[in-house]
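This report goes through one protein model, beginning with the annotated sites and ending with the global figures. Please keep the structure open while reading.

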Amino acid sequence: NIILGIETSCDETAAAVVENGTIIRSSVVATQIEIHKRFGGVVPEVASRHHVEQFTVVCEQAIKEANVEWEDIDAIAVTQGPGLIGALLVGVNGAKALAFAHQKPLVPVHHIAGHIYANRLVNEMKFPLLALIVSGGHTELIYMRSHASYEVIGETRDDAAGEAFDKVARTLDLPYPGGPGIDRLASIGKPNIDFPRAWLEPDSYDFSFSGLKSAVINMVHNAKQKGETISKENIAASFQESVMDVLVAKTMKAAKEYHVEQIIVAGGVSANQGLRQRMEAACHDAGIPLSIPPLKLCTDNAAMIAAAGSIGYLKGDRADLALNGNPSLEIEKFSV
Ligand code: ATP
Ligand code: MG
Ligand code: FE
């Protein structure tokens, strides 16, 4: 099948054409990062307005670059949620208009399922699998018995991993989004500061990053007040190590308990070099195959939405013109 995917849940307006859920024919991403940078984070109203401006341009470009005609397209897949409601509505309503105009089936997609299915664009998925989702708004361990079956076995109780990266980066005066900046500093720093690691209850697969985030912020503020110089590199390296210790240990423990055939890492923070190296080493030691998408498929894009939409299309998931964006769409209830 040939699916047109559309993604507007946050600050990327994206459209892509994907064949059989595995081959990228085109993937166009108009990012608003430069626009939101001066505010230090995504401003929802500004994001919605730019999605409206970019929507048609991005969709037309995706079709043109894919070298397909409308009649070749089997369905339109769109992110229904979670995300910013105003941003989601632009994609959902735009997709409905295109589906109506071209008489195409409309397939609703869960944004996090999209992040997971980014992996299918580069590797075969082997079930049962465990997906570690680490993004701007989510940190979750999801067990998948088969396609489109999601069981959340652990999640963050406060901040998402990406959120912690962004807030710590802000304290270190790094530009938004902060993940890449911390990643770069961490690669030249020494992890010589003992920041807290939140293990929670021994049998829990949940996460917590707010204590760690506060510890870093307090340390930087105290040093500034006393006029002490700090090593941003060492702080970044120590913070990153603290996050990765917990992410990697809990993922590997769950993978063994659930006897999975594959581990998948997905979401924007999976672009992190420290996480990629640590997961590769841990999976190698455990003898469990690992899949992490290439960098441009880690952060928001529409190829991943089309890839997930391809599975939804085959399963018979259909939305009608009453489809609405849902900012807190739950993945377990979404598609079983
Ligand atoms: P969600 O997917 O939960 O709705 P989102 O779509 O805003 O949230 P993504 O686009 O998946 O999030 O990821 C963005 C996040 O990834 C940001 O928090 C950013 O700082 C983080 N990130 C990007 N690159 C890196 C990196 N190299 N290291 C760590 N974090 C990174
Ligand atoms: Mg984004
Ligand atoms: Fe995302």
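## His111 and its surroundings

In this predicted model, His111 is part of helix α4, which covers residues 111-117. The residue is buried, because 25 other C-beta atoms lie within 10 Å, where 20 or more are enough for that class. Beyond residues up to four places away in sequence, His111 touches Ser9, Thr79, Gly81, Pro82 and Gly83.

The UniProt record, in an unreviewed entry, gives His111 the feature "binding site" together with His115 and Asp300. These positions span 190 residues in sequence, but no two of their C-alpha atoms are more than 8.9 Å apart, so they gather at one spot.

## Asp300

Where does Asp300 lie? Asp300 is in the loop between α10 (295-298) and α11 (303-315). It is buried, with 27 other C-beta atoms within 10 Å.

The contacts of Asp300, leaving aside its neighbours within four places in sequence, are Glu7, Cys10, Glu12 and Ala14. Glu7 belongs to strand β1, which runs over residues 2-7.

## Strand β4 and its partners

Strand β4 consists of residues 75-81 and is mostly covered: 7 of its 7 residues are buried. Thr79 and Gly81, which His111 touches, fall within residues 75-81 of this strand.

Which strands pair with β4? Strand β1 is joined to β4 by 4 bridges, and the two run parallel; Ile3 stands opposite Ala75 in β4. Strand β5 (residues 106-110) also pairs with β4 in the parallel sense, over 5 bridges. Within that pairing, Ile76 has Leu106 in β5 as its bridge partner. Between β4 and β5 the chain passes through helix α3 (residues 85-102), and this β-α-β crossover is right-handed. Strands of a sheet pair through backbone hydrogen bonds, either parallel or antiparallel.

## A further set of annotated positions

The UniProt record, again from an unreviewed entry, also lists "binding site" for Ile133, Val134, Ser135, Gly136, Gly137, Asp166, Gly179, Asp183 and Asn272. Gly136 is located in the loop between β6 (129-134) and β7 (139-144). With 22 other C-beta atoms within 10 Å, Gly136 is buried. Not counting residues up to four places away in sequence, Gly136 touches Cys10, Ala160, Gly162, Glu163 and Gly268. Cys10 is likewise among the contacts of Asp300.

Asp183 sits in helix α6, residues 179-188. Is Asp183 buried or exposed? Asp183 counts as buried, because it has 20 C-beta neighbours inside 10 Å and the class begins at 20. Outside its neighbours within four places in sequence, Asp183 is in contact with Asn272, Gln273 and Gly274. Of these contacts, Asn272 is itself one of the positions listed in the record.

## The five-stranded sheet

An open sheet of 5 strands is arranged in the order β8-β7-β6-β9-β10, and its pairing is mixed. The edges are formed by β8 (151-155) and β10 (290-291); each has a single partner strand, so one side of each is left without a neighbour in the sheet.

Strand β9 (residues 262-266) is joined to β10 by 2 bridges, and the two strands run parallel. One of the paired positions is Ile264 in β9, whose bridge partner in β10 is Ser291. The loop that holds Gly136 lies between two strands of this sheet, β6 and β7.

## Overall figures

The protein has 12 helices and 10 strands. Of its 336 residues, 52% are buried. Among contacts with a separation of 6 or more, 76% join residues 24 or more positions apart.

The C-alpha trace spans about 65 × 45 × 30 Å along its principal axes. A compact globule of 336 residues would have a radius of gyration near 20 Å, and the value for this protein, 20 Å, agrees.

## Confidence

The mean pLDDT of the protein is 97, and 99% of its residues reach 70 or more. The model scores are ipTM 0.97 and pTM 0.95. Where pLDDT is low, the predicted coordinates should not be read in detail.

Definitions and conventions:
Residues numbered from 1 in each chain as written. Chains lettered and ligands numbered in written order. Predicted model: local features only at pLDDT ≥ 70, side-chain atom pairs only at ≥ 80, totals over all residues. Buried ≥ 20, exposed ≤ 12 C-beta atoms within 10 Å, placed from the backbone. Pairing = 2+ DSSP bridges. Right-handed = clockwise from strand over helix to strand, strands pointing away. UniProt positions renumbered as here; feature names shortened; annotations may be inferred. Contact = placed C-beta atoms within 7 Å. pLDDT = per-residue confidence, 0-100. Rg over C-alpha atoms; globule rule 2.2 N^0.38 Å.
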